[in-house]
Amino acid sequence: MTSKPPRPYVNPYVGGALLGVVLFLSFYITGNGLGASGAIGHVQVAILNLFVPEHVDRVAYFAEVGGGSRNALDNAGVFMLLGTFLGGMISGIANRRFRVETRRGPHITNRARWAYALLGGAVMGYGARLARGCTSGQALSGGAVLSVGSFAFMFAVFGGGYALAYFVRRLWN
Amino acid sequence: MAPFNLAPLAGTLAYDLVFLLIGVGFGAALEVSGFGDSRKLAAQFYLREMTVLKVMFTGIVVAAVLIFLSSALGLLDFSHVWVNPTYLVPGIVGGLIMGVGFIVGGFCPGTSLVAASTLKLDGVFFVLGVFGGVYAFGETVQSFEPFFQSTFLGRFTVPDWLGLPYGVVVVLLVLMALVMFWGAEIAEAYFGAGTSWKDIPLVPRSRARIAGGGTLVALAVATAVLGQPTVEDRWGWVASEGDRQLGEREIFVDPAEVVDLKKDFTLKVDVLDVRGEADFNQFHLSGARRIEPGDARDPAFVRTLLGASENTIVFVVSNGEAVATQAWKDLRAQGVLNLYVIEGGIDGWLDRYQPSPCVAQKLSGETGGERLAWRFVAAVGDRNPSAHPDRARKEYVPACALATDATGTGYDPVHEAGHGAAPTYTKRVRLQKKTVTKGGCG
């Protein structure tokens, strides 16, 4: 089984159409779009609450999510997050892409890739909260309902990426 | 009608399962598109592979066409669909920061999750990083709160901005996406496959692509031709429930209840006065805003009401009840929640909280109509105790003093007249939670 090569990814337009249908169903059924970073915030507060509950109560931004008797995990987005994880895993297993590996550019080591992933993730997490949503919650969901802010955000993400891409080309090329 | 109000289900397994299943679809769609592979994502920024752009824009366009087509067909009430509120500058700055994180880390939060779920170690590290970044934001946001809350434009869509109908904007969006896909194919051929310029076909040849693009354009044009539902169409959807509410007088609220609600600090009472300017100047309730009856059909105005905070209760008032009831129907049809009419209108209010006889006299035989049944000796506006019976009474007000009560003296006709108990009424206002409380990601 594992020796077989992974199946190829689907045509991006087909994948995009699938994504569009899921997004539409999300809006149609719940009135809400898709997302990930908001729920990550909830999980983060829940973890923090295990160690320093009094700190969660003191910082307004955390208290709003999980202060006092509030359960930070009692949130629809957390279930969506869990579902996203499961959906990725199911699809990965079905298409023989479920295996331990590190995807990186040819000129850096695995360790370097991990360090940059950690750094990039931190920057991304910070930016996502500042922008009130990540690529899925703002760009994708907001774009589909034609929110002005979401389109401005989308162009900013691509702008930021393209502006820096040349300087970090060693990471990927 | 969709979207369904899932609020009553909250806390049940079914509710959680709905979101879980949507998430599964989301995760699977990302994974099969190759979004679990950081190299594929990063290649977007070197123009070798435009998968990110293709998948994202196909997703946006397909969802937008389906959303606005179902809205045009009356299957989906768009006013109850969550639209990410626009905070322009923080959004742009956050986006730029995320662009940096994207090219350095190789993922965005959703895709890193999918990568981690298929055991990609770079994805696992990225997810850990996101946790750190989200935590750091929570710790530091207090130091720049005013910036974080700045340039707030509320529920603001591209059609609102351009002043074009939704269907037309959807057509434009589809066309824009198709042009971008065309450019993306050329870029991939040139930068990715290394094809020389003269060998790159400028006319798309794939029949499937032409058919797909054509279908999207056709559906978008159909959306534009059908047009989004008018206020009348929308009233049609809710007419049976709305007429029942009117028939049973469920939405007509006793003035005394309005007074009590205004005293409640946890609520925001918004009184919309739909009378003419002359009547409004003669007398209006304290804090009331005057609007033209036509404003109830003005999308820009209705948007402000739809974007109001959850604890807002809106009252419509006219001299009688007829004009206010029409405005109520218009606003109700457009999805404004927690919306009521003040029972008996301004005339009824003045009967209850009577101004002193030297300020205003009641005209005989005028009650119940849409002409103000009281004649004021001067345009007192809200500078009269009758306009704010909710304020605490501090001192005795001479009976004929005009415009001397702005310091907070009150009016209590029942006690003043020695009638005994405060007015009793049937409570009608029930604070309804909005169907849409928060965006998935927000």
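The following conversation concerns the domains, contacts and two loop residues of a two-chain model.

Reader: What kind of model is this, and how are its parts labelled?
Author: This is a predicted model, in which local features need pLDDT of at least 70, side-chain atom pairs count only at pLDDT 80 or more, and totals for chains, interfaces and linings use all residues. Residues are numbered from 1 along each chain as its sequence is written, while chains are lettered from A and ligands numbered from 1 in the order in which they are written.

Reader: How is chain A divided?
Author: Chain A has domain 1 (1-101) and domain 2 (104-173); such bounds come from an automatic or database domain assignment. The C-alpha centres of these two domains of chain A lie 17 Å apart.

Reader: And how many residues does each domain of chain A give to the contact?
Author: Domain 1 of chain A gives eight residues and domain 2 of chain A gives 10 residues. Two residues are in contact if their C-beta atoms, placed from the backbone, lie within 7 Å.

Reader: Which element supplies the largest share on the side of domain 1 of chain A?
Author: Helix H2 (residues 37-51) of chain A does, with three residues. Helices (H or I, at least four residues) and strands (E, at least two) are DSSP runs, numbered from the N terminus.

Reader: How is chain B divided?
Author: Chain B has domain 1 (7-231) and domain 2 (233-416). Their C-alpha centres lie 44 Å apart, and 10 residues of domain 1 of chain B are in contact with 12 residues of domain 2 of chain B.

Reader: Now the two chains: how many residues does the contact take from each?
Author: The contact takes 113 residues from chain A and 115 residues from chain B. The side of chain B that touches chain A has 70 nonpolar, 36 polar and nine charged residues. Here Ala, Val, Leu, Ile, Met, Phe, Trp, Tyr, Cys and Pro count as nonpolar, Asp, Glu, Lys and Arg as charged, and the others, Gly among them, as polar.

Reader: Changing topic, what is the phi of A:Arg132, and where is this residue?
Author: The phi of A:Arg132 is positive, near 60 degrees, in a residue other than glycine. A:Arg132 sits in the loop between helix H6 (110-130) and helix H7 (135-144) of chain A.

Reader: Is A:Arg132 buried or exposed?
Author: A:Arg132 is buried, with 25 other C-beta atoms within 10 Å. A residue is buried if 20 or more other C-beta atoms lie within 10 Å of its own, exposed if 12 or fewer, and partly exposed in between, with C-beta atoms placed from the backbone.

Reader: What about B:Leu119?
Author: B:Leu119 is not a glycine but has a positive phi of about 65 degrees. B:Leu119 lies in the loop between helix H5 (109-117) and helix H6 (121-140) of chain B, and is partly exposed, with 17 other C-beta atoms within 10 Å.
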